[in-house]
Amino acid sequence: MPCTTKPSDLAYIIYTSGTTGKPKGVMLEHKGVANLQAVFANQLGVTPQDRAGHFASISFDASVWEMFIPLLTGATLYVLSRDIINDFRQFAAYVRHNAITILTLPPTYAVYLEPEQLPSLRILITAGSASSAALVEKWKEKVTYINAYGPTESTICATLWIADPDEPVETITIGKPIPNTKLYIVDDQLRLKAPGQIGELCIGGLSLARGYWNRPELTAEKFVDNPFAPGEKMYRTGDLARWLPDGNVEYVGRMDHQVKIRGHRVELGEVESVLLRYETVKEAAAIPHEDDRGQAYLCAYYVAEGEATPAQLRDYMEKELPPYMVPAFFIQLEKMPLTPNDKIDRKALPKPSQEANRAEEYAAPQSELEQLLASIWADVLGIRQVGTKDNFFELGGDSIKAIQVSTRLNASGWTLAMKELFQYPTIEEVAAHVAPNSRESEQGVVEGEIGLTPIQKWFFERNFTDRHHWNQAVMLFRADGFDAGLVCQAFHKIVEHHDALRMIYKQEAGTIRQINRGLTDERFRFDFYDLQEQADCAARILELSDQIQSSIDLEQGPLVHLALFSTNAGDHLLIAIHHLVVDGVSWRILFEDFSSAYAQALHQQEIVLPKKTDSFKDWAAQLQAYADSDELLREAAYWHNLECTATAAALPTDFAAADRKQKHTRTLSFELTATQTENMLRHVHHAYHTEMNDLLLTALGLAIKDWAKTNCVLINLEGHGREDIQNEMNVTRTVGWFTSQYPVVLDMEKADDLSYQIKHIKESLRRVPKKGIGYEILRTMTTREVQPPLSFALRPEISFNYLGQFESDGKAGGYTFSPLGTGQLFSPESERVFLLDISGLIEDGKLRITVGYSSLQYKEETIASLADGYRNHLLGIMEHCMAKEEGEYTPSDLGDDDLSMEELENILELI
């Protein structure tokens, strides 16, 4: 907003440093200050008999709050000198001598005072930084203890939290809004976050400032149109917070206080708030440092009143936080260094010595193989260290991570079948099943005609409109810019190495031929766009990305298109590949190879990639041989029984629509917090020895049951499709479209018994032969007669796919995922296959579930209600599992396919 206001129009201008350190004049109005009278008189009960102390520096906005307490209530103001404030004993004596009744202090100062020293005090307000449980417990029975929050831009104070003197302190919040103030917690698109979800705290209402004096650009950035109150403004605080069930707001930290630890985004405020909950800790701070290798780690600093050893704090925080949020070092200080405004001076905190705070004892690996396994597991799982007794899946492992483990072992000269890892999930158990590589995959260039795999046949059977435009893509970002020549060098080697990326598809006489081209000159297409002078880079990049996504030619190739967008803020690299030759696991391989290849090229080294695993051509041939095997034909009985018993009714829709084109697709997502996601990965599976899909599908089944009023939920489940079949084929590092898909029935008849329901869904999934890879092979490739015969008539209306954890693996190349979109992956005219496409993935340490639907069939509020139900059931399942101290086994844990859960429970009762 332009700034044309004259000083005479304002109550006053406060100059504040803000979070950037640059002075900002904040234009506050009379009405905002007058609104504080309701706080002082009504909420705090200030009367003319009260005596308020003036503690804050005149350069700090809290001084305005202190001055207006008496001005608006008739109380008396006592101005303390710096000499008195700088001596705790003089300060206490001054308060006693003058019978001061109200003080507003920083927590970093209040921790050094004792209630007995200040007998006249009846109200203690702390503000400016996080308080601690120890501080509140010390004061709450002696005075009215208030935790206040508010930026200058909201006329000093926006929320208050009053401690209950009769209740133990568990969480110190910033409370609820003061009168005539509105709070909103939103995402980056200014959409409201659900209770419990972290978002940016925005403030609206009567006390809002007009903006910044002579800073129109900053005013327009921070004081935005309020989408929830037309005609009004709201202030974007840059603070992260979440609503709690009781209506209070919990402050999490600054958006600019996020750091990245081992690939996870960490809120320093969240770490500090947990540390402050420890009973003897009075003050706390957490900051990142870098080790000698440039890897970030967290260090915690604390002042304690009583015993609080680093070992005790580490043990406490490991129970409250995921491993990547637990500080590597804990340093106890006698007193925190403070800034002139009595806030913690983070720059003055000492760097820890490398010998401090050694980790506790654990079952350390002994042999070289155990050490290799532990190193690989720690890297794949993203945790600090792994002991030989740690369970791979209880640490957050899944089938995709199992592939990564197998891949890295293979690169080190060892072989491990994924089924062995599932059966023996600890290092001490599985080490006996790791063997030296007995053979090496063909390393030459693959070319010639290749048979279509089941998922590729499915694609061509659908006869999608504009089938050339059906892609997967990522956008990478590098703040220091990409070197276009090095990008091309890296991908020149990558496309040579991964043969499937050179596929083309010819249609002849109604038949599709898949042809693997050799090493042609045009292995991929590369475009460069200089947008340094472009006014709206994001819009232009999206426009160009849409054009690139639609330009792939299946018959002529290449199927890999790259585009480098150079902007003033850094470079964005689009990698678009037709889905026919890439899948989720393939992207992980490509991220790893691009990171390595770009780094090698950057250092002028020859680009060398890990050895190839078996080719997509050999895999397709293997599937054809497997299609007519006795082993596969024995699966027919399972699929026949499923077809006979599935009784799922059609899903309800809001509208009947014949047009099911992609252009009508809309998506709605919800996210778990980093802590909730970490719990989902590592702290829930002990209860029933589950995997992620077991719990994700149980929650989905419960949500669909509530929404569609059905006990039988039929879904199309997608898997990575790289299962162990027949011989020693190894495709762990092979790029291509391997996805398997198959029908699954979620029987929700006993949904009232959550324990039973989780175990039932788990057992249903375990009984699917070889994770479903055979269903589409039987349908599309088997030539022998199948008995009992299969109709393949099941038509699930819901598709579900959990993609696992995604990281760009760009540390060596200095890049991350870009915040910009990749453009349209599918042609707008292409057909949708399912009513609902539900997918889940973990990115930046947070699980995000996305529901895709057609706007011609569903209202947004319908899908929002379904998503809310899904999220609530998922959180309920997590809470249920985490509350269980001892795990329960199911028949699949015992390797018995014939034993029912009821029979197992009867047996266990007799033991």
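Which residue in β34 does L476 stand opposite? L476 faces F817 there, and we'll come back to the sheet around that pair below. First, some ground rules. This is a predicted model, in which local features need pLDDT of at least 70, side-chain atom pairs count only at pLDDT 80 or more, and totals for chains, interfaces and linings use all residues. Residues are numbered from 1 along each chain as its sequence is written, and side-chain values use heavy atoms, with hydrogens and water left out.

**Overall build**

The protein chain carries 27 helices and 36 strands; these are DSSP runs, with helices being H or I of at least four residues and strands E of at least two, numbered from the N terminus. Its radius of gyration is 31 Å, close to the 29 Å from the globule rule for 911 residues, so the chain is as compact as a globular protein of that length. (That radius is taken over C-alpha atoms, and the rule is 2.2 Å times the number of residues to the power 0.38.) Along the principal axes, the C-alpha trace spans about 100 × 75 × 60 Å.

Of the 911 residues, 55% are buried, where buried means under 20% relative accessible area, exposed means over 50%, and partly exposed is in between (1.4 Å probe, protein chains only). The chain exposes about 38900 Å², with carbon and sulfur atoms supplying 48% of that area; the areas come from the Shrake-Rupley method with a 1.4 Å probe, and for residues only the protein chains shown count as cover. Among contacts with a separation of 6 or more, 70% are between residues 24 or more positions apart, a contact being heavy atoms within 4.5 Å.

**Cores**

What does the largest nonpolar core look like? It has 131 residues, and those with the most contacts inside it are F491, Y505, F594, L696, F800, L836 and Y870. A core here is a set of buried Ala, Val, Leu, Ile, Met, Phe, Trp, Tyr and Cys residues joined through side-chain atoms within 4.5 Å. Helix α23 (residues 692–708) gives the most to this core, with eleven residues. There's also a second, separate core of 41 residues, which includes I85, V169, A285 and I344.

Back in the main core, Y505 has plenty of company: leaving out residues up to four places away in sequence, its contacts include L452, F460, L554, L559 and L580, along with the charged R513 and E555.

**Salt bridges**

Side chains of opposite charge can pair when their charged atoms come close. The structure holds 44 salt bridges, each one a side-chain nitrogen of Lys or Arg within 4 Å of a carboxyl oxygen of Asp or Glu. Here are three of them.

| Pair | Closest N to O |
|---|---|
| R784 and D630 | 2.9 Å |
| R766 and E691 | 3.6 Å |
| D694 and R766 | 2.8 Å |

R784 forms its salt bridge with D630. R784 lies in the loop between α25 (773–780) and β33 (798–806), while D630 is in helix α20 (residues 630–633), so the pair ties together parts that are 154 residues apart in sequence. Both ends are partly exposed: R784 has a relative accessible area of 40%, and D630 has 47%.

R766 and E691 also meet in a salt bridge. R766 is in helix α24 (residues 754–766) and E691 in the loop between α22 (674–682) and α23, 75 residues apart. R766 is partly exposed at 27%, whereas E691 is buried at 16%.

D694 is another partner of R766. This pair links helix α23 to helix α24, with the two positions 72 residues apart in sequence. D694 is buried, at 1% relative accessibility. Elsewhere, D379, R408, E592, D593 and R733 are joined into one network by salt bridges that share partners.

**Sheets**

Now for that opening pair. An open sheet of five strands runs in the order β27-β28-β29-β24-β34, with mixed pairing. β27 (525–530) and β34 (816–817) stand at the edges with a single partner strand each, so one side of each has no neighbour in the sheet. Strand β24 (residues 471–478) and β34 run antiparallel, joined by two bridges; strands count as paired if DSSP finds at least two bridges between them.

Strand β7 (residues 144–149) pairs with strand β8 (residues 159–162) in the antiparallel sense over four bridges, and N147 stands opposite W161 in β8. β8 is also joined by two bridges to strand β9 (residues 176–177), again antiparallel, with L160 standing opposite K176.
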